[in-house]
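Here is a short report for a first look. It covers the ligand site, the domains and one pair of helices.

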Amino acid sequence: MRKFVVAVVGATGAVGEEMIEILKEVDFPISELVPLASSRSAGGTVEFGEKEWTVSELTEDSFSEFGVEIALFSAGGSISEKYAPYAVEAGAVVIDNTSHFRMEKDIPLVVPEVNPDDIFDWRNRGIIANPNCSTIQMVQVLKPLQKYGLERVDVSTYQATSGAGKEAMEELGNQMKDFFEFKLDKSPHEQFPHQIALNVIPQIDKFMESDYTKEEEKMIFETQKILGMDLPVSATCVRVPTLRGHGESVTVRFADEVDADEVRELLRVSPNLIVVDEPEESAYPMPVVATGKDETFVGRIRSDLYDKRILHLWIVADNLRVGAATNAVRIAQKWIEEQV
Ligand SMILES: NC(=O)c1ccc[n+]([C@@H]2O[C@H](COP(=O)([O-])OP(=O)(O)OC[C@H]3O[C@@H](n4cnc5c(N)ncnc54)[C@H](OP(=O)(O)O)[C@@H]3O)[C@@H](O)[C@H]2O)c1
């Protein structure tokens with residue numbers, strides 16, 4: 001089997017580390033791993049395939065120097081903006097986890113369970129975008145429901161601190177520690193606009209002209225692009241003091257009445273979804289259940305009390321895996337199928 005030179009840009013970050021772990025788990029056909037990060041981490045090492053690979057500083061020449069064929073980017077939007085074109089120029093396909101290219105018309109935005117064939121549009125620009133973490137887990141569930149005629153989606157999210165990166169997780173940890181030392185009021189907050197420990201913050205990213213936040217707009221417009229329809233969506237994105245695993249309370253309105261039992265059975269057989277829905281046993285998806293998993297968990301599936309065209313669901317997935325690294329690796333696997 002052909003093997004590939006794979007670069008992970010942001011290899012030392014929350015998503016990058018998970019990406020390398022998943023590449024190991026799926027036995028990805030790698031001839032050479034190229035971990036790239038900033039000068040801060042250069043010289044460190046990453047274990048992969050019984051070997052240690054040295055982290056190099058990302059430069060304009062990194063991709064041509066190492067002969068990179070697949071470049072998995074997760075080091076921030078401005079890094080992708082600047083360096084993805086160098087990777088493409090060096091002949092690599094870029095799979096980008098940041099929001100930078102997602103809404104560009106000629107860049108495919110892909111969730112393999114939903115719009116796998118869009119991957120082939122990578123030939124336009126050499127770049128495939130990975131959607132926002134909250135979008136991925138929601139569209140995986142909406143896709144099978146599309147057959148009932150989606151009319152509108154309203155979602156409120158409960159997003160873990162790891163969604164904002166490693167330092168954000170550390171900030172929660174430090175504030176928890178300060179709480180037990182009775183000095184939470186003096187604990188610094190740099191990663192979030194307010195204290196996150198023992199709090200919830202109804203703001204993720206900056207506010208836009210629409211009065212929605214950028215994160216909320218991502219969920220709205222990315223969902224429409226991936227599903228290929230002008231679906232009315234409204235989102236309220238909230239940061240909660242958990243470490244890993246985003247929760248979503250989703251309300252969907254359909255063209256006709258839908259039966260919750262039928263939906264439960266349909267979702268049970270849909271790809272990479274696990275239905276956990278036994279309320280009498282207090283069994284439903286939770287971040288602690290989804291952490292470290294590559295599936296999206298759905299539960300609390302119920303019809304609206306007043307309108308049988310409306311269904312309510314609760315969705316949880318590991319944001320670092322399903323919402324980022326797993327999706328990117330699945331895209332890469334699909335891309336490889338086309339090459340061999
Ligand atoms: N966290 C999530 O759930 C999630 C989900 C989907 C998408 N994303 C996106 O993925 C990206 C990374 O997120 P993260 O959570 O992994 O962040 P993170 O934990 O803060 O890691 C950032 C990574 O980027 C590297 N980096 C920073 N500046 C760099 C530079 N100038 N040159 C090269 N590398 C640089 C860092 O390297 P050093 O160690 O050298 O600083 C580190 O490896 C972001 O764009 C984020 O929006 C995150």
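How do the residues of the shell around the ligand divide into nonpolar, polar and charged? They comprise ten nonpolar, 16 polar and three charged residues. Here Ala, Val, Leu, Ile, Met, Phe, Trp, Tyr, Cys and Pro count as nonpolar, Asp, Glu, Lys and Arg as charged, and the others, Gly among them, as polar.

## Basis

This is a predicted model: local features need pLDDT of at least 70, side-chain atom pairs count only at pLDDT 80 or more, and totals for chains, interfaces and linings use all residues. Residues are numbered from 1 along each chain as its sequence is written.

## Ligand shell

The ligand has 29 residues around it (C-beta atom, placed from the backbone, within 6 Å). Gly10, Gly13, Ser38, Ala75 and Gly165 come nearest.

Helices α1 (14-25), α3 (77-89), α5 (166-180) and α9 each supply at least two shell residues. Helices are DSSP runs (H or I, at least four residues), numbered from the N terminus. The largest share, three residues, comes from α1.

## Two domains

The protein is divided into domain 1 (4-131 + 324-339) and domain 2 (134-318). These bounds come from an automatic or database domain assignment. Both domains give residues to the shell around the ligand, so the ligand lies between them.

The domain centres, taken over C-alpha atoms, are separated by 25 Å. Their contact takes 13 residues from domain 1 and 16 residues from domain 2. Contact means C-beta atoms, placed from the backbone, within 7 Å.

## Helices α4 and α9

Cys133, Ser134, Ile136 and Gln137 in α4 meet Val322, Gly323, Ala324 and Asn327 in α9. By class, this contact has four nonpolar, four polar and no charged residues.

Note on methods:
Contact = placed C-beta atoms within 7 Å.
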